[in-house]
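Q: I should like to learn how to read the features of a protein model. May we go through one together, beginning with the terms that are required?

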Amino acid sequence: MPSRRDWLRSSALGAAGVLLSRRVAVAAPLPAIVVYRDAGCECCLRWVKHLSASGFVTTVRDSNDMPSIKRTMGVPDALQSCHTAIVGGYIVEGHVPADAIKKLLAEKAMVMGLAVPGMPVGSPGMEGSTKQPYNVIAFERTGKTRVYMKR
């Protein structure tokens with residue numbers, strides 16, 4: 001039969017375990033991303049691999065009319081790149097890093113989406129021997145933009 005000391009020790013450890021288990025936050029799964037791209041664009045697939053490696057589940061939809069998709073989604077002309085994605089109700093244009101998308105989703109920012117205009121070398125999917133600095137731009141339906149992150 002266990003002694004009173006053994007019983008108290010096991011009870012205290014059990015209580016501590018319950019308290020700790022209640023403080024552990026379980027990360028919510030990331031929402032799925034639907035990526036629209038031109039079928040011939042390989043850098044888009046490299047960006048999708050970057051997203052997958054960061055925990056996103058992606059669906060790729062090839063299109064022969066990317067300008068129409070961008071126009072329908074409201075991507076400003078000055079922010080356009082090679083692919084357009086939808087995640088959690090936001091538009092993601094171009095080679096936006098996965099951590100920027102995660103930050104956007106966590107903050108529930110009041111913007112339409114994020115963009116990395118053009119195809120800067122060093123951005124996810126555009127890796128190369130040299131890296132050029134680039135900005136991740138947040139944009140609103142009103143046309144207002146701001147730098148969301150610098151890289």
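A: We begin with a definition: a residue is buried when its relative accessible area is under 20%, and exposed when that area is over 50%. The model shown here is predicted.

Q: Which residues of helix 4 are buried?

A: In helix 4, the buried residues are Ala98, Ala100, Ile101, Leu104 and Leu105.

Q: Why do these residues lie on the same side of helix 4?

A: The general idea comes first. An α-helix has 3.6 residues a turn, so residues three or four places apart point the same way. In this structure, the buried residues of helix 4 cover an arc of only 160° around the axis, and therefore they share one side of the helix.

Q: Against which elements do the buried residues of helix 4 pack?

A: Their packing partners are helix 2, strand 3, strand 4, strand 5, strand 6 and strand 7.

Q: How many helices and strands does the protein chain have, and how should their order be read?

A: The protein chain has four helices and seven strands. Read from the N terminus, the order is α-β-α-β-α-β-β-α-β-β-β.

Q: What share of the residues counts as buried?

A: The protein chain has 151 residues, of which 38% count as buried. The area that the chain exposes is about 9100 Å², and carbon and sulfur atoms supply 57% of that area.

Q: How should the confidence of the model be read, and where does pLDDT stay under 50?

A: As a general rule, where pLDDT is low, the predicted coordinates should not be read in detail. In this model, the mean pLDDT of the protein chain is 85, and 81% of the residues reach 70 or more. Over residues 4–25, however, pLDDT stays under 50, and the model has zero contacts there beyond four places in sequence.

Q: How should a nonpolar core be read, and which residues have the most contacts inside the largest one?

A: In soluble globular proteins, nonpolar side chains tend to be buried together. The largest nonpolar core here has 25 residues, and those with the most contacts inside it are Trp47, Phe56, Val96, Ile101, Leu114 and Val136. Several elements give two or more residues to this core, including strand 1 (33–38), helix 2 (42–53), strand 5 (113–116) and strand 6 (135–139). Helix 4 gives the most, with five residues.

Q: What is Leu114 in contact with, leaving aside its neighbours within four places in sequence?

A: The contacts of Leu114 include Val96, Ala100, Ile101 and Leu104, as well as Val136, Ile137, Ala138 and Phe139. Apart from the largest core lies another core of twelve residues, among them Val34, Met73, Leu79 and Ala115.

Q: How should residues be read that are apart along the chain, such as Ile33 and Val48?

A: One may compare their separation along the chain with that of their C-alpha atoms. Ile33 and Val48 are 15 residues apart along the chain, and their C-alpha atoms are separated by 9.2 Å. Ile33 lies in strand 1 and is buried, with a relative accessible area of 1%. Beyond four places in sequence, Ile33 touches residues including Leu51, Phe56, Ala85 and Val87.

Q: Where does Val48 lie, and is Val48 buried or exposed?

A: Val48 lies in helix 2. Its relative accessibility is 8%, and therefore Val48 counts as buried. Leaving aside neighbours within four places in sequence, Val48 is in contact with Val35, Thr58 and Val60. The C-alpha atoms of Val48 and Val60 are separated by 8.1 Å, with the two residues twelve apart along the chain.

Q: How many disulfides does a search of the whole structure find?

A: A disulfide is a covalent bond between the sulfur atoms of two cysteines. A search of the whole structure finds zero disulfides. Cys41 is in no disulfide, and the nearest cysteine sulfur, that of Cys44, is 3.1 Å away; the cut-off for a disulfide is within 2.5 Å. Cys41 is buried, with a relative accessible area of 16%, and Cys44 is buried, with a value of 0%.

Q: How should the phi of Lys108 be read?

A: Most residues other than glycine have a negative phi. Lys108, a residue other than glycine, has a positive phi near 50°. Lys108 lies in the loop between helix 4 and strand 5, and at 61% relative accessibility Lys108 counts as exposed.

How values were computed. Residues numbered from 1 in each chain as written. Predicted model: local features only at pLDDT ≥ 70, side-chain atom pairs only at ≥ 80, totals over all residues. Heavy atoms only, no water. Buried < 20%, exposed > 50% of the residue type's maximum accessible area, 1.4 Å probe, protein only. Areas by Shrake-Rupley, 256 points an atom, 1.4 Å probe, with all protein chains shown as cover. pLDDT = per-residue confidence, 0-100. Contact = heavy atoms within 4.5 Å. Core = buried A, V, L, I, M, F, W, Y, C linked by side-chain atoms within 4.5 Å. Arc of directions from axis to C-beta.
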